Every structure is written in structure tokens, then in C-alpha cells.
Amino acid sequence: MNQVVVPRRASSSALCFGGLAIPFLSLIACTTGLAPTPDSSTTVCLHGTQQFDLCQYDTQSEKVAALVGEMTLQEKLGQITQSVWHNNVSPAVIQQFGIGSIIHTEGPTPGASPLDWIDKFDEFQTAAQHTRLGIPLLVAVDAVHGQNTFEGAVIFPHNIGMAATRNLELIQRSAQITALEAAGTGFNWTFSPCIAMPKHEHWGRVYEGFSEDRDLTTAAVIASVRGHQGEDLSLPHTIAATAKHYIGDGGTDGGIEGGNTTISERELRQDYLPPYAAAVEQGIASIMVGFNSVNGVNMHQNGYLVNEVLKNELGFEGVVITDWNGGLRWGDPHLVLNAGIDIVMQPGNHEEFIAKLGASVTDGTVPMSRVNDAVSRILRMKFDLGLFDNPLGNREYASTIGSTEHRQIARQAVRESMVLLKSEGGVLPLQREEPLAVVGKHADNSGLQSGGWSIHWQGKSESYAGATTILEGINAVAQDVEYAQDGCHSAMRARKVVVVVGESPYAEFKGDSDQLWISDEHKTLIAECQSLGKRVVVVLISGRALVVTDVLQNSDAFIAAWLPGSEGAGVADFLYSVDGFKPAGKSPYAWPARIEDIPLEANAEHALFKFGFGLSDY
């Protein structure tokens, strides 16, 4: 059996990403946090109604051992349990069951302002402080491309676009901003980054992964972890990151969400494990297992890959968490705990989970040593985050959410993420003074341009607050723009037309699809403009590489814009070469020439465009 060699974490005085022989790492510079570093040195000694004195212990290890030794079984089971704050959970339930973590997901929001969110989560934290031992809560969110659950936050391009930039410093800075805006809405933990390495365009989560390429994914996860967690997790502008979904979720047979990944041990270790090894080396706080199975064994019950490989071989000392309803979805909870899972996400059915797990501990099916190990890992994470001293939300960062500075960085990410696949006849860059027509509903809809996991789980089909649409960005640059949502017409003055087409938002299994091409409706928009003698620039909004062979023939220029997020003005920066900008994006995936070519190897000779393609001039 091959042993994975895990490089040691570089010191702060060393190069940013020492130890991993990955070409992309040379592209990143060391960066400091965007936020000031308030004094967080206050130490709280007495905790909970029992006034348990943590200051009598010198080290974190001693404090963790003392708490575990003091806790009842019920309190331990509560720490292992995570639930949704608005789904059968209240501050009183936190106290009754000793639940150790809550998440925010699709459903009611805590309010309209960042302070409303902090107030709500502080209610839960205050309830936890008034339990017997006063153990603070982990408060988690799927902030996967910005704090995308709060309307008004900056939403970055999805990971597929961030990888297209090849700008690792930008990936790190986007993660820093995400951490800051998540902290400013009351969170201390995000379920990001996704490092799935998708291999099949049928999969509905392709855009959540950075790339099909191992080395680019590894470099990106290092940048992301450093951005989210900084050098010290206890600082208020950092949050815990989560690498997901361990392991092989992007390689399922047929690209089916939650399907089976048929793979050899050698391929698993050579291709899929290195990004996780890098995340562990960087000190990532948590790792989420996938819905998928590997060679027929579900990852929520895969003791070999979790206990033996992740924890023992890679030396991961953080928290392993399930995905949605992972403790009951495939059977009894003991199967999950014994496989090495530490926190179990039970949305609203926490009582059933706790009862069943408690019975399995009592009858010896789950050893108390396994429970104690899980709880110890959870407590270490809470100590690392500084929650025993500063559990409440970071109100000082509420005012930074959606700031101009943050939006400028997201706008940079948009323009650098766009991949120029075709450009002929000098159609680009556009000139500010020339008449231009813009066509397609995707052009003036920030919901459509952002994809899934944007405000809502499945995204939005309408614009949302704080965002700039592509059309608004163009109007801010150009002098003579006509917007014709439904297509070109004979009275249109402009000779050049930007046609914005693409996929509608989707997430997870709802995005699994066999229709991996531009819709007939959108093809008609493009063809009709060409038939009227227009010079056509196609901007494709999509979460994956599609079959575009026929559409390329009907366009003078073709741009893969991926899912750019809230800053549509970055598209205008690209189209108009604002401030001398030149195309920088390189495709993180190969593009199929035919639907029959899927799945497609990164450097397949029959690819329409190979991995890494992207014109560097107009």
C-alpha cells in the first residue's frame, strides 16, 4: 500500500506554499489579511452555570481533557450533533440537548441587516453559555463563493471561474473577504472550499470544484485555506474552512450526484488525495465527507478512507463532518461514528439521532473512546477559534459587508476569470463610442449570472440587492447601448451585438443533466443576429464546459464567463479592455466537441479546446 507523504506546514517566515512541488504555486505571493486585527486576548476563566474553571489548566490539551472528563454522555452526544437553527431548534433546544453546532441554510433568514443575523445567532450562543459547562457553538454556513446567503454581500465567481484566473493570490484574497463577510453576519465556520476535481460534465456540481486538474486544485485549496483561516484562527476576521467532499465525489460513474466512484487504489491516491493532503498540511479545521460511495462503500461509512487514510496516514487532527442528514440517511448512526465521523449534520431530526446514537453507545456498539475522540476534536476546533473567550458575533465587521473595496476585488476576479475561446476580425475589444446592442435575458439579471448557491440554495432567477448586472456594467462604460432582450431586429442601428446566453441556476442533484449544450432558444438568438449581418460576440454563462461547436461557427467572438457572481461590471472590463486589460483566463476544463466525447480527458486530442486553453489577446 502506497503511503502518502505529507509535507510539513511552512513557517510564517518561509515561502507561502513550501513543500509541495506544484507548478501553479509560483504564481501566488504572500498576502496579509484585509481586516485589522482587534485585540482578542481577553481570557474567560469560568464557564457555564457550573462556573467550570478552565484557567486551572495550562494547555489546550489539558482543558480539552478536563472538559471531556467532566461531560455526561448526553452532553457529548449534543456536541456531536449539528442542526439547522430554524428547523425545530431554538435557544431552549440548545440547552435541553446540549447541541454543539448550528447551520444556516435554505429557509427563513435572521433579518434584513447583518446585525439582525448576529443578534439571532448570539441568542443561540448565549443559550449555550448558560448550559452547565458553557461550551460555545460552532455556527456554520455554505459560504462557497462569498457570503452568498446574505443579500447584499459580495458574491465572487464560483470556483470554476476562480480557477480560470490562475491567480492564486486572488483566490486567497477572495477567501479572506468571504471570511470577513461571514464573520460580519455571525458565522465562525464555512463549508468551503469544494475540491471535487469534477471529471464528468453531467454532474450538477462541476462549478463548485476548481478544476479537473490535480495540481491546479491543490494550489487553489492551499490559497483558499490560507485566505479563510489566516495564520491564527482565533482572530475575529478568520473562520474555519472545510475541504469537501471527501473523496472522489467529482468522479462518480456517469457524473451522478451521490453516485458510486469506481476507481483503483493507485488512481485515488495519485489523483484525488493530494489536494486533501495539502489541506491537512495547511491546518484546515474540518473536512466533509461526500454523499458518494467509493467502490460501493458510502463515504459516510467508509472507515478505511476516513480512519485509516485521512486520520492515520495524513494525520488529520481536525473535525470530520457529514453532509446533510448524514447520520440517519444510510442507516443507524453507529455506522457513521465508527467510520470516524465527528460531527453529524441532522437538520431538524436531532432528537432521533441523539436517541439512537446514545443507545449504541450504551450497548457498546460505539466505544466511548470513539465518542471521546470526536468530542475532543470538536472542542479543539472551538478553542482554536477562540470561542471560549469570544463566542459572540463580530459586530465590527458588519459594516464591511458589500463594501466598495470588496466589490473591486470581486470585479477583478470576474474579468480575469473570463476565457476567450474565439476572436476574429478585430471584433474585440469593443470601443466605448461605437453603437452596441446587448441581447438576452442573462445580460440584465444578476441571479442568472450567479448560478446556484446564490442567495438561495438553487440560486435566483431574478436580480438581487447590491449586485451589478452585465448590462449595467456595459452601460457604465459605453456611450450608445441598446438592450434588446428578445433578440436582434431589422431596425437595430448597432453593427456589433453582445449576446449573453447560458444555463439557468441549479445546485447539487438538480443540476445533473444530459442536455449539455446551449438551448435552441439561445441558439436562435445568436443565429438571428448573424443573419441580420451583425458581428456577434457571445458571452456564455455556465457552470461547466458545454458542447458549443455549432455556436462557435455563428459567432465572431466567444467568451466563457462561467458564473461571475455579483460584479457584472467585470464583464464590461473584459469586453472594452478597460485600463488596458488583456484576456487572462485559461480554461480549467477541456471542452467537448460532441456530446459523445463526455467524459473527456484534460488533454484529449479530440477536445474542442484542451485544458488550459485561452487566447491571451483580442
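How many bridges join strand E10 to E11, and do the two strands run parallel or antiparallel? In this predicted model, two bridges join strand E10 (residues 293-294) to E11, and the strands run antiparallel. One of the contacts can be found by looking for valine 294, whose bridge partner in E11 is valine 297. These strands belong to an open sheet of three strands, in the order E8-E10-E11, with mixed pairing. Strand E8 (260-261) and strand E11 (297-298) are the edge strands, each pairing on one side only. As a general reminder, the strands of a sheet pair through backbone hydrogen bonds, which can be parallel or antiparallel.

Attention turns next to charged side chains. Across the whole structure, the search finds 31 salt bridges. A friendly place to start is helix H11 (residues 350-362), which holds both lysine 356 and glutamate 352, four residues apart, or about one turn of the helix. These two residues form a salt bridge, with their closest N and O atoms 3.1 Å apart. Lysine 356 is partly exposed, with a relative accessible area of 34%, and glutamate 352 is also partly exposed, at 39%.

Helix H12 (residues 368-384) offers another example, with aspartate 373 and arginine 370 three residues apart, again about one turn of the helix. Their side chains meet in a salt bridge of 2.7 Å, N to O. Aspartate 373 is partly exposed, at 28% relative accessible area, whereas arginine 370 counts as buried, at 10% relative accessibility. The pair does not stand alone: Lys311, Asp342, Arg370, Asp373 and Arg377 are linked in a network of salt bridges.

A further salt bridge joins arginine 535 to aspartate 556, where the closest N and O atoms are 3.7 Å apart. Arginine 535 lies in strand E18 (residues 535-541), while aspartate 556 lies in the loop between helix H17 (549-553) and strand E19 (557-562), so this pair ties together parts that are 21 residues apart in sequence. Arginine 535 counts as buried, with 15% relative accessibility.

Aromatic rings make contacts of their own, and the count comes to 17 aromatic pairs. The rings of tryptophan 85 and phenylalanine 121 have centres 6.0 Å apart and planes at 90 degrees, so this pair is edge-to-face. Tryptophan 85 sits in the loop between strand E3 (81-84) and helix H3 (91-97), and phenylalanine 121 sits in helix H4 (residues 114-129), so the pair ties together parts that are 36 residues apart in sequence. Tryptophan 85 is buried, at 7% relative accessible area, and phenylalanine 121 counts as buried too, at 1%. For phenylalanine 291 and tryptophan 330, the ring centres are 5.9 Å apart and the planes lie at 55 degrees, so the pair is tilted. Phenylalanine 291 is in the loop between strand E9 (286-289) and E10, whereas tryptophan 330 is in the loop between strand E12 (319-321) and helix H10 (333-338), 39 residues apart. Phenylalanine 291 is buried, at 9%, but tryptophan 330 counts as partly exposed, at 30%. Ring pairs also link Trp85, Trp117, Phe121, Phe124, Phe150 and Phe187 into a cluster.

Finally, the second largest pocket holds about 440 Å³ of space. Of its 19 lining residues, Lys199, Glu267, Asp271, Tyr272 and Glu601 are the closest to its centre. Helix H7 (214-229) and helix H8 (265-281) are the elements that give two or more residues to this lining, and H8 gives the most, with three. By class, the lining has six nonpolar, five polar and eight charged residues.

Methods
Residues are numbered from 1 along each chain as its sequence is written. This is a predicted model: local features need pLDDT of at least 70, side-chain atom pairs count only at pLDDT 80 or more; totals for chains, interfaces and linings use all residues. Side-chain values use heavy atoms; hydrogens and water are left out. A salt bridge is a side-chain nitrogen of Lys or Arg within 4 Å of a carboxyl oxygen of Asp or Glu. Buried means under 20% relative accessible area, exposed over 50%, partly exposed in between (1.4 Å probe, protein chains only). Two strands pair if DSSP finds at least two bridges between them. On a 1 Å grid over the protein atoms alone, a cavity is a set of points where a 1.4 Å probe fits but cannot get out, and a pocket is an open set with protein on both sides within 12 Å along at least five of seven lines; lining residues have an atom within 4 Å of a point. Grid points are joined across faces, edges and corners, and a volume is the space filled by probe spheres set on the points. Ala, Val, Leu, Ile, Met, Phe, Trp, Tyr, Cys and Pro count as nonpolar, Asp, Glu, Lys and Arg as charged, and the others, Gly among them, as polar. Rings of Phe, Tyr and Trp (its six-membered ring) pair if their centres lie within 6.5 Å; planes under 30 degrees apart count as stacked, over 60 as edge-to-face and the rest as tilted.
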